[in-house]
Every structure is written in structure tokens, then in C-alpha cells.
Amino acid sequence: CLPPDFTERAFYIVRDPRSIVLSFSRFFNYPLDSAVDAMANKDFTIGGTETHALTLISSWSNHVSSWVGEKDFPVHVVKYEDMQADAGKELTEVLGFFDIEADEKLVKKAVAASDISKLKKDEDKNGFRESQRTERGTFFNGDRNYKDELGPKYIQRIEDDHGKVMNLLGYT
């Protein structure tokens, strides 16, 4: 929870939990069952090591709801899938939300620098800082389709666990 006395506004990136579970599973080296369970666990934490503070993540639904339902300051919600479709448009809207005039050349440069395929190549070549501290999998895994990889069992579990919030965001 961010203290509203020190927070004028925020933006929050949300992603379909059916896609997140694939990245989550690969990065943390969790079997899919464990990743689906963790995403539904309101008490889920990461860290608690010498190099990473214990951090409450909570369930996907709780985490998303805490930002989407924020009442003390405005929150601009950006869907990851919309960023993939038109990153320049989404970045321009975020800048506008923060009353920053978008420079079209800089927006294009930022979009090019943050292209997932570019970041994946860089990770393959140089590694990913978070992965270097622990035995973790890759972070940038490209555009995988959850429908091809999860199967109906996992899709149904995720939709059962998070359907209400998914529906609110147009993910169902």
C-alpha cells in the first residue's frame, strides 16, 4: 500500500493471468500446478533472502484489485496486451496521465528499446539480473499463447480462481 500523502498518481500494468502463469512458472521454475496455486494464494510472498526483502505479492486477483480499486489517488491501468498491440499509443497515454507532453521521436525510441524480441536477445546474450541472483529461468519468453500451452484444466482453474477480476478487465 502506497501512502496517499506521498502519491499523486500511479500507473499499473495488468496482464491476463492465463498468460502470466506461463511466465511465472518458467521464471521461478515452478511446475504449472504450483504456479496456478501461488497465483491464487492471498498470502503468497517472494524474497526473504539475504539479497531480496520478503515481499507480499498476494493472489493475482487481490494484487490487481488493490490497484484497480485504489480510491486515494488516480491509477491509470494499462493492459499488457494493449501495450503489445500499440506500445507507442499506450506510452503516450501514460505520459499524458502524468501531464508530460509526449515527444514522438522519444516515444518511438523507447518502444524500439523495449521490444520483447530485443530484450529476449539481450537476455540470451547477457543474462537477466534477477536470474543471476538465484536459480531462475528466463524472464523474456516472447509471445507464447496460453491456449496452446496450458490446456483446458489449467485455463479452467485460473478462470475459476480469478474470473470476477478477469471479467472486470475484459479477459473473459
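## A tour from helix α3 outward

Start by selecting helix α3: the elements covering its buried residues include β1, α1 (17-28), α2 (32-40) and α10 (151-168). The model is a predicted one, and the stops below go from this helix to the core around it and then to a second helix, α5.

**Stop 1: the buried side of α3**

Within α3 (residues 60-68), show the side chains of W60, S61 and V64, which are buried. These residues span an arc of only 90° around the axis, which puts them on the same side of α3. Looking down the helix axis is a convenient way to check this.

**Stop 2: the largest nonpolar core**

Which residues touch the most other members of the largest nonpolar core? Select V14, V21, W60, V64, L150, I158 and L169; the core as a whole has 21 residues. Two or more residues come from each of β1, α1, α2, α3 and α10. The largest share belongs to α10, with 5 residues. As a general background, nonpolar side chains in soluble globular proteins tend to be buried together.

Now centre on V21. Apart from neighbours within four places in sequence, V21 is in contact with L32, A35, V36, M39, L150 and I158. Two of these partners, L150 and I158, are also on the list of core residues that touch the most other members.

**Stop 3: S58, just ahead of α3**

Move back along the chain to S58, in the loop between β3 (55-56) and α3. Is S58 buried or exposed? Its relative accessible area is 11%, under the 20% cut-off, so S58 counts as buried. Beyond four places in sequence, S58 is in contact with A38, N41, K42 and F44. Show the side chains of S58 and N62 together: a polar contact of 3.2 Å joins them.

The backbone of S58 is also worth a look. Its phi is near 70°, a positive value in a residue other than glycine. Most residues other than glycine have a negative phi.

**Stop 4: helix α5**

Next select residues 87-97, helix α5, and colour its buried residues: G88, E90, V94, L95 and F97. The elements covering them include β1 (10-14), β4 (75-79), α4 (80-85) and α6 (104-113). Strand β1 is thus among the covering elements here and also among those listed for α3.

Within α5, pick G88. What does G88 touch, leaving out residues up to four places away in sequence? The partners are V107 and V111. A distance label between C-alpha atoms can be added for G88 and K108, which are 20 residues apart in sequence and 6.5 Å apart in space.

**Stop 5: the loop from α5 to α6**

Follow the chain out of α5 to D99, in the loop between α5 and α6. D99 takes a positive phi of about 60° just after the helix. D99 is exposed, with a relative accessible area of 61%.

D103 sits in the loop between α5 and α6 as well. At 41% relative accessibility, D103 counts as partly exposed. A polar atom of the D103 side chain lies 2.9 Å from the backbone nitrogen of K105. For a second label, draw the C-alpha to C-alpha distance from D103 to T92: 8.5 Å in space, for residues 11 apart in sequence.

**Stop 6: the whole chain, and where to be careful**

Zoom out and colour by secondary structure. The protein chain has 10 helices and 4 strands, in the order β-α-α-β-β-α-β-α-α-α-α-α-α-α along the sequence. Of its 172 residues, 30% are buried. Among contacts with a separation of 6 or more, 58% are between residues 24 or more positions apart. If a surface is drawn, the accessible area comes to about 11,000 Å², and carbon and sulfur atoms account for 53% of it.

Finally, colour by pLDDT. The chain averages 86, and 83% of the residues score at least 70. Where should the viewer find pLDDT under 50? Select residues 131-135, for which the model has 8 contacts beyond four places in sequence. Predicted coordinates should not be read in detail where pLDDT is low.

Note on methods
Residues numbered from 1 in each chain as written. Predicted model: local features only at pLDDT ≥ 70, side-chain atom pairs only at ≥ 80, totals over all residues. Heavy atoms only, no water. Buried < 20%, exposed > 50% of the residue type's maximum accessible area, 1.4 Å probe, protein only. Contact = heavy atoms within 4.5 Å. Areas by Shrake-Rupley, 256 points an atom, 1.4 Å probe, with all protein chains shown as cover. pLDDT = per-residue confidence, 0-100. Arc of directions from axis to C-beta. Core = buried A, V, L, I, M, F, W, Y, C linked by side-chain atoms within 4.5 Å. Polar contact = N/O pair within 3.5 Å; in protein donor to acceptor, adjacent residues only side chain to side chain.
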